[in-house]
Amino acid sequence: MPEETIFTMTLEPALHAAFLAQAAAENRPASQIVSELMRDYVAQHQPARDHDDYRRGKIDAARASMRAGLGRPNDEVEAVYAARRKRTATEDKA
């Protein structure tokens, strides 16, 4: 059996009463409904969180690379891509 925890929250009395009445009308425990809502919320937001974690990892790796002297200065990168853009523009005209 999975471990459980207690979650306490503050609600307006009218919302609390309406929620409990709706749960009773559906013959479902309120805790089951709240758990479903929480699972849905996490599932909906997890991809963005995973992407943020991935991006943060890439940024941390890039910063470590720069600190180790393995990176290239921005001016050098800009010059390389300026030359590529110029070459592409010339090829498009031909």
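**View 1. The largest pocket of the predicted model.** In this predicted model, the largest pocket holds about 720 Å³ of space. Its lining is made up of 17 residues, and those closest to the pocket centre are F7, S31, V34, S35 and M38. By residue class, the lining divides into 10 nonpolar, 4 polar and 3 charged residues. Helices α1 (13-25) and α2 each contribute at least two residues to this lining, and the largest share, 7 residues, is supplied by α2.

**View 2. A nonpolar patch on the surface that includes M38.** The side chains of F7, M9, L11, L15 and M38 make a nonpolar surface patch of about 470 Å². M38 belongs to helix α2, which covers residues 30-67, and is partly exposed, with a relative accessible area of 37%; because membership of a patch requires over 30% relative accessible area, M38 at 37% meets that part of the criterion. Both F7 and M38, which take part in this patch, are also listed among the residues closest to the centre of the largest pocket.

**View 3. Salt bridges within helix α2.** Side chains of opposite charge can pair when their charged atoms come close. D52 forms a salt bridge with R55, with 3.3 Å between the closest N and O atoms, and these two residues of helix α2 stand 3 residues apart, about one turn of the helix. D52 is partly exposed at a relative accessible area of 29%, and R55 is likewise partly exposed, at 42%. A salt bridge also joins the side chains of R56 and D53, at 3.0 Å from N to O; these partners, too, are 3 residues apart in helix α2 and therefore separated by about one helical turn. The relative accessible area of R56 is 44%, which makes this residue partly exposed, and D53, at 41% relative accessibility, also counts as partly exposed.

**View 4. The salt bridge between E76 and R72.** The side chains of E76 and R72 meet in a salt bridge with an N to O distance of 3.7 Å, which falls inside the 4 Å limit used to assign such contacts. Both partners are partly exposed, E76 at 36% relative accessibility and R72 with a relative accessible area of 45%.

**View 5. A salt-bridge network of E26, R28 and E36.** Here E26, R28 and E36 are linked to one another through a network of salt bridges. For the model as a whole, the count of salt bridges comes to 5.

Definitions and conventions: Residues numbered from 1 in each chain as written. Predicted model: local features only at pLDDT ≥ 70, side-chain atom pairs only at ≥ 80, totals over all residues. Heavy atoms only, no water. Patch = residues over 30% accessible without salt bridge, like charges linked within 9 Å, V, L, I, M, F, W, Y side chains within 5 Å. Areas by Shrake-Rupley, 256 points an atom, 1.4 Å probe, with all protein chains shown as cover. Helix = DSSP H or I, 4+ residues; strand = E, 2+ residues; numbered from the N terminus. Buried < 20%, exposed > 50% of the residue type's maximum accessible area, 1.4 Å probe, protein only. 1 Å grid on protein atoms, 1.4 Å probe; cavity = no way out; pocket = protein on both sides within 12 Å on 5 of 7 lines; lining within 4 Å. Points joined across faces, edges and corners; volume = space filled by probe spheres on them. Nonpolar A, V, L, I, M, F, W, Y, C, P; charged D, E, K, R; others polar.
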